[in-house]
Amino acid sequence: MNNTLKLKRGLDLRINGAASGCDVIRSEASGVAVTPDDFPGFVPKLEVREGDNVLVGQPLLHDKNDEDIKLCSPVSGTVSAVVRGDRRKIERVVVSPSPEQTDMILADVAPTDAQGIVALLKHSGLWAFMRQRPYDIVPKGDVIPRDIFVTAFDSAPLAPDMEAYAAGREGEIAAAVGALSKLTSGKVYICTRPDSKINVPAEAVHIAVEGPHPAGNAGVQAANIAPVNKGETIWTLDIITLCHIGQVMSCGSRDFSTVVAVTGPEVESPCLVETVECADIKSVIAGRIKNDGRHHRIISGNVLTGAKVGEDGYLRFPYRQVTVIAEGDDVDEFMGWASMSPSKMSVSRAFPFKWLRKMFSPDARLNGGRRAMIMSGEYDKVLPMDILPEYLIKAVGARDIDRMESLGIYEVAPEDFALCEYVDPSKTEIQKLIREGLDWLRKETE
């Protein structure tokens, strides 16, 4: 079954530094670090200690509320550090790789029943790579999802081509769809671009999606295909995670390798780097940042939703992109944020960017001060969901459960509001506000 979904609202940011059409460069990680904060709803508890030797795929952490849900080591080596923050919160578990890499076999025979599939996904660590709506958290193991949505493309700025990774993996995709179809009472949807060459299995519903970012967000796709209502649950994931699930089902071991797009206007030569999940940033960007004397911001992810990391940081989930832009704190610009320079990015018609069809090199400056929320209608232009974003954000800020529910809180995730945050004239940290609101709502209602 093949359907078409056309989304008109959204915004594609034209930023310099794409890594498309580049050869893949191999890079050896000098260290990896698993960060529990990348997995909302996962309450970490250690399974290893500093100095322990681990294998590829061996659990490092499990969820305190469900001990079967694991986060696993991407490499064989030694646990060199368990970094803790305030109130002894586990911030990351660091593993130093050994010269020889040995995989842990997760299953000799692929499970055929739902219970066995769930157990294998939890133990392999892939369970934590999926997301449940409502609340945008790691799925609960005792809930049967109404539907499962798989996105096969990433529409975020400078994002790598996920379809290139899925090419030639039809067997793994089919195995994964067969397994996931046993875990849901509804359908498995796979959303691609109209010109996609991915062969979608007959067991899945194929949706061709047209439109600008955030058309690639699985949650946006779900909201326009089969919205989540109160009392319902869906799961979302991307095509790369789907391929990994198929590999585990087919051969009983998990592939932790990843191809990272090193992108951004401050990268000398944007490229694709083959490394492992959770790899140290230094090994990924070594020798690839411009030596232009500017202060740089290194982002694990894209400029809209990624996490700020330093050169001593590590790749953050989903481990597929590093973006480097100028920090902007060393810029002395005439008129500051009010400058009418044609090199300044803006969605306002008052700035030349709105009319110039060229690529831009933005920096990380806020360009304006935080102020009271302005009901300008700008959010509606970039959010292709059937909700009232401004009223929902106000309800989240007021912690009004009834209004949050009536305005669609169960459908959304922080990433869906990334463009709203970008165009917001009030400079509100909308993604942070939505994340805090979802966590609070879950605590109050469960």
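Reader: Quick one before we look at anything: when do two strands count as paired?

Author: Two strands pair if DSSP finds at least two bridges between them. Keep in mind that what you're looking at is a predicted model.

Reader: OK. How many bridges join strand E8 to strand E9?

Author: There are 7 bridges between E8 (residues 77-84) and E9 (residues 90-97), and the two strands run antiparallel. For one residue pair to find on screen, take Val82, whose bridge partner in E9 is Val93.

Reader: What sheet are those two in, and in what order do the strands come?

Author: E8 and E9 belong to an open sheet of 4 strands, ordered E3-E9-E8-E5, with antiparallel pairing. Strand E3 (32-34) and strand E5 (53-54) are at the edges with a single partner strand each, so each has one side without a neighbour in the sheet.

Reader: What holds strands in a sheet together, in general?

Author: Backbone hydrogen bonds do the pairing, and strands can be parallel or antiparallel.

Reader: Back to E8 and E9. What's odd about Arg88?

Author: Arg88 has a positive phi of about 60°, although it isn't a glycine. You'll find Arg88 in the loop between E8 and E9.

Reader: Is Arg88 buried or exposed?

Author: Exposed, because its relative accessible area is 58% and the cut-off for exposed is over 50%.

Reader: Which other non-glycine has a positive phi?

Author: Leu158 is one, at about 65°. Leu158 sits in the loop between E11 and helix H2 (162-166). With a relative accessible area of 14%, Leu158 is buried, since buried means under 20%.

Reader: Switching to E6 and E7. How do they pair?

Author: Strand E6 (residues 59-63) pairs with E7 in the antiparallel sense, over 4 bridges. A hairpin of 2 residues joins E6 to E7. One bridge to look for puts His62 opposite Lys70 in E7.

Reader: And how covered is E7?

Author: Mostly covered: of the 7 residues in E7 (residues 66-72), 5 are buried.

Reader: What packs against E7?

Author: Helix H1 does, as the buried residues of H1 pack against E7, helix H3 (170-180) and helix H5 (239-251). The buried residues of H1 (residues 114-124) include Ile117, Val118, Leu120 and Leu121. Just after H1, Gly125 takes a positive phi of about 90°.

Reader: Now H11. How far apart are its end C-alpha atoms, compared with the expected span?

Author: The end C-alpha atoms of H11 (residues 430-445) are 22 Å apart, which agrees with the 22 Å that its 16 residues should span at 1.5 Å a residue. Among the buried residues of H11 are Ile430, Leu433, Ile434 and Leu438. Those buried in H11 pack against helix H7 (378-382), helix H8 (389-398), H9 and H10.

Reader: Rings next. How many aromatic pairs are there?

Author: The count is 8 aromatic pairs. In one of them, the rings of Tyr135 and Tyr410 have centres 6.1 Å apart and planes at 85°, so the pair is edge-to-face. Tyr135 is in the loop between strand E10 (131-133) and strand E11 (147-151), while Tyr410 is in the loop between helix H9 (401-406) and helix H10 (418-423), so the pair ties together parts 275 residues apart in sequence. Tyr135 counts as buried at 7% relative accessibility, and Tyr410 does at 8%.

Reader: And how are Phe149 and Tyr189 arranged?

Author: Those two are stacked, because their ring centres are 4.7 Å apart and their planes are at 5°. Phe149 lies in strand E11 and Tyr189 in strand E12 (residues 188-192), so this pair ties together parts 40 residues apart in sequence. Phe149 is buried at 0% relative accessibility, and Tyr189 is buried at 9%.

Reader: Which rings form a cluster?

Author: Ring pairs link Phe39, Phe129, Phe317 and Tyr319 into one. Phe129 also has the charged end of Arg254 over its ring, 4.8 Å from the centre.

Reader: Last thing: which peptide bonds are cis?

Author: The bond from Phe317 to Pro318 is cis, with omega near 15°, and Pro318 lies in the loop between strand E18 (307-309) and strand E19 (321-326). The bond from Arg133 to Pro134 is cis as well, with omega near 15°, and Pro134 is in the loop between E10 and E11.

How values were computed:
Residues are numbered from 1 along each chain as its sequence is written. This is a predicted model: local features need pLDDT of at least 70, side-chain atom pairs count only at pLDDT 80 or more; totals for chains, interfaces and linings use all residues. Side-chain values use heavy atoms; hydrogens and water are left out. Buried means under 20% relative accessible area, exposed over 50%, partly exposed in between (1.4 Å probe, protein chains only). Rings of Phe, Tyr and Trp (its six-membered ring) pair if their centres lie within 6.5 Å; planes under 30 degrees apart count as stacked, over 60 as edge-to-face and the rest as tilted. A charge sits over a ring if NZ of Lys or CZ of Arg is within 6 Å of the ring centre and within 35 degrees of the ring normal. The expected span of a helix is 1.5 Å times one less than its number of residues. Contact means heavy atoms within 4.5 Å.
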